[in-house]
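Got the viewer open? Let's take a walk along some cysteines, one selection at a time.

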Amino acid sequence: MNVSCLLLILVTLYEVSDAVVFGGWGDWGEWSECSVTCGYGTIKRSKVWLKEDGTVFNYTYISFDECWTKTPCPINGAWSGWTAWSPCTVMCGNGTRARTRLCNSPEPINFGEPCDGDPLEEFGCNEQACPDLPLNFNMDVCNKTTFVCHNELQCVEDSRHCDGDLDCHDGSDEKDCYLYLNCVYISSQSLALTVLGLLFTRTLQYS
């Protein structure tokens, strides 16, 4: 065996035997302050090994315990995900689409910081001009075969309702007629035909 390794082992055994036989643990020190200023943390105290002559040996025993500050920690707010974009507010004449989010994931509590940023996003849509309201339009011509514009100042033939062209002065004859998918307007009739086509194709695949 290497002589230096043997000497190291002998010295270590001597120190350990000296500590065990000729000494003992001193008294516990005071508990430290809690490691945090809010919520749960830890406290600790320690004691050292004392030789028989009262000198401190190179052994320290540390004890840990949990502590509660009785002060809840602040929790900063975080945003939820954005909602889907809303439909355009009007079919013509400069409308807006919007989406919102909430500061509730989580909400700020115990004086936590509020969410940074805006809860609302908007952008313009349907900026084309609306058709003019016919001068001195007589609503008496409106009947079951006509579509009454939402402002109730004009009506158009029912065949013009959802035909893809703006006829009402407020654009309401085309409102709720189209679905906005992947930045392309698709008529509800075309969408229905597409869905039926897909179902028919899927049926043929598995028949």
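Select Cys-34 to begin: at 26% relative accessibility it counts as partly exposed, meaning between the cut-offs for buried (under 20% relative accessible area) and exposed (over 50%), with a 1.4 Å probe and protein chains only. This is a predicted model, where local features need pLDDT of at least 70, side-chain atom pairs count only at pLDDT 80 or more, and totals for chains, interfaces and linings use all residues. Residues are numbered from 1 along each chain as its sequence is written, and side-chain values use heavy atoms, with hydrogens and water left out.

Now add Cys-67, which is buried at 10% relative accessible area. Its sulfur sits 1.9 Å from that of Cys-34, and the two form a disulfide (a pair of cysteine sulfur atoms within 2.5 Å). The S-S torsion is about 75°, so this link is right-handed. Cys-34 is in the loop between strands S1 (23–25) and S2 (40–51), while Cys-67 is in strand S3 (56–68), so the bond ties together parts 33 residues apart in sequence. Strands here are DSSP runs of E, at least two residues, numbered from the N terminus.

How many disulfides turn up in a search of the whole structure? Eight.

Next, pick Cys-142 and Cys-155, both buried. Their sulfur atoms are 2.0 Å apart in a disulfide, left-handed with -100° about the S-S bond.

Last stop: Cys-162 and Cys-177, a disulfide with its sulfur atoms 1.7 Å apart. This one is left-handed, at -55°. Cys-162 is partly exposed at 35%, whereas Cys-177 is buried at 4%.

Conventions:
Helix = DSSP H or I, 4+ residues; strand = E, 2+ residues; numbered from the N terminus.
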